Amino acid sequence: MPGSALGIEPMIGVTTGMVWVDADLDGDPDLVTCMEPGSLRYYQNTGGRFVDKSAGSGLAQYSGLWSGITAADFNGDGFIDFAASNRGLNSDYQRHITHGIQLFIADLNGDGKIEFIESIINPESGVRVPFRDLFTLSRSMPEWMVRFPTYGKFAATDIHTILDPYAASLSPDYPEPTLTLNTLAASLFLSQGTDVWSAQPLPDAAQLGWSGALVTTDFNGDGILDIFLAQNHFGLDRESGRDNEGSGLLLLGRDPTDVSFQAVDASISGIRLYGHMSSVAIGDLDGNSLPDLVIGQHNHRAGIFLNQSPSEYISLDLRDSRNASPLAIASMARLGGEGQQWQLVTAGNGNLAQNSHQIIFPQQTGCPHKTGYPLARWKCPSGPHLEPFQPAADHR
């Protein structure tokens, strides 16, 4: 079924991530996506049709090169928050973000292909000029090699002088840009109440390069949610080359009240991959009720990392006869009452990834096995449930 039939209209840019989650806590799954280029988009489920609530949610004001998204209740306030990966603060883009990187997006020459023309302020002349060089842009606009006889002339020409002949193909708002990038930081989006979020950047270690797929769970058993980010991108543009600063980044949650994280060095976490990480998923792979990682790499074998935490965990299998989703997608659970963090089952993080249908909790967030099971509060597309916790029969 096309998205337009559900009320989801096509957007300019590439949808790089999505998560089904009951964002407004009304009992049905909503859709939150991220765009490259663009912003996070929030589509509220209203009886099976979706209404774009992005503009009033606070999400649409953060325009970047978003590449992945996940959801959880990071501060334990009962509302759903998001974490999203971005280009990072260590690229040539960052030098120009203060003045806004404007994008003009259209099929300029009528060849059926959409051109993305980025523009920046030249710091010496103050003129808004193309961000890419003539050779790079001439691959999609070959006529520019004839129109501009030298690289220097092209680089110094005002972007509107270049684009004015194509005004009819651009948006009705031209000479205004199609969109303007204003943030490149991988970020948290913390709920300010129903349907409103505000952004705060993830730690500096998450900004050193590109990050893509990401997942969240409590990896070390301290009762606070952590984040893992897949890193490295080998398919960037000709001028940028490879982005390979990372080896996979584990961020341990430190304080859920102010939602702070501590980056863990690879020598301590044991997570060390150097390929283009294209996906990541969590689950209990060896049947010991600990959350493990599977990391997909483009054109290379996957990395499997088994959790060696000394903490004891218990796992809740959300595949239930009352759950309308056979894989428990869009379901969420927490142990105990107020102040505990909701965890979610998401449909995937990156290329062909699928998280486990189980949610794994450290034992200290509820009652120990020997003294009785805690109450598990869980929600799924068919409704909320409150019942004594029962561990999964098959942990894998």
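Pro37 sits in the loop that joins β2 (30-36) to β3 (40-46), and in this predicted model the peptide bond leading into Pro37 from Glu36 is cis, with omega near -5°. Glu36 is also a good way into the pockets, since Glu36 is among the residues nearest the centre of the largest one. Below you will find the backbone details, the two biggest pockets, a nonpolar patch and one long-range pairing.

**Unusual backbone spots**

- As a reminder, most residues other than glycine have a negative phi, and most peptide bonds are trans.
- A second cis peptide bond runs from Tyr174 to Pro175, with omega near 20°.
- Pro175 belongs to the loop between α5 (159-163) and β10 (179-181).
- Val259 is not a glycine, yet its phi is positive, at about 50°.
- You can find Val259 in the loop between β15 and β16 (260-264).
- Is Val259 buried or exposed? Its relative accessibility is 6%, so Val259 counts as buried.
- Asn299 has a positive phi too, about 60°, and is likewise not a glycine.
- Look for Asn299 in the loop between β18 and β19 (300-305).
- With 74% relative accessibility, Asn299 counts as exposed because the cut-off for that word is over 50%.

**The largest pocket**

- This pocket has a volume of about 1,200 Å³.
- Its lining is made by 44 residues, and those nearest the centre are Val14, Glu36, His233, Gly235 and Leu236.
- Which element gives the most to this lining? That is β1, with five residues.
- At least two lining residues come from each of β1 (14-21), β5 (68-72), β8 (115-121), α2 (134-138), β13 (211-217) and β17 (277-283).
- Sorted by class, the lining holds 18 nonpolar, 18 polar and eight charged residues.

**The second largest pocket**

- About 350 Å³ of space is found in the second largest pocket.
- This pocket is lined by 17 residues, with Leu250, Ser269, Ile271, Asn307 and Gln308 closest to its centre.
- Two or more lining residues are given by each of β15 (249-255), α6 (266-269) and β18 (292-297).
- Here the classes come to ten nonpolar, six polar and one charged in the lining.

**A nonpolar patch on the surface**

- Ile12, Ile114 and Phe116 together make a nonpolar surface patch of about 270 Å².
- Phe116 is part of strand β8, an element that also supplies at least two residues to the lining of the largest pocket.
- How does Phe116 come to be in a surface patch? Its relative accessible area is 34%, and patches are made of residues with over 30%, so Phe116 passes that cut-off while counting as partly exposed.

**Thr257 and Gly76**

- Thr257 lies in the loop between β15 and β16, where Val259 is found as well.
- Thr257 is exposed, with a relative accessible area of 68%, whereas Val259 counts as buried.
- What separates the C-alpha atoms of Thr257 and Gly76 in space? The distance is 7.9 Å, although the two residues are 181 residues apart along the chain.

Note on methods. Residues are numbered from 1 along each chain as its sequence is written. This is a predicted model: local features need pLDDT of at least 70, side-chain atom pairs count only at pLDDT 80 or more; totals for chains, interfaces and linings use all residues. Side-chain values use heavy atoms; hydrogens and water are left out. On a 1 Å grid over the protein atoms alone, a cavity is a set of points where a 1.4 Å probe fits but cannot get out, and a pocket is an open set with protein on both sides within 12 Å along at least five of seven lines; lining residues have an atom within 4 Å of a point. Grid points are joined across faces, edges and corners, and a volume is the space filled by probe spheres set on the points. Helices (H or I, at least four residues) and strands (E, at least two) are DSSP runs, numbered from the N terminus. Ala, Val, Leu, Ile, Met, Phe, Trp, Tyr, Cys and Pro count as nonpolar, Asp, Glu, Lys and Arg as charged, and the others, Gly among them, as polar. Patches are made of residues with over 30% relative accessible area and no salt bridge: like charges are joined within 9 Å, nonpolar side chains (Val, Leu, Ile, Met, Phe, Trp, Tyr) within 5 Å. Accessible areas come from the Shrake-Rupley method with a 1.4 Å probe; for residues, only the protein chains shown count as cover. A salt bridge is a side-chain nitrogen of Lys or Arg within 4 Å of a carboxyl oxygen of Asp or Glu. Buried means under 20% relative accessible area, exposed over 50%, partly exposed in between (1.4 Å probe, protein chains only).
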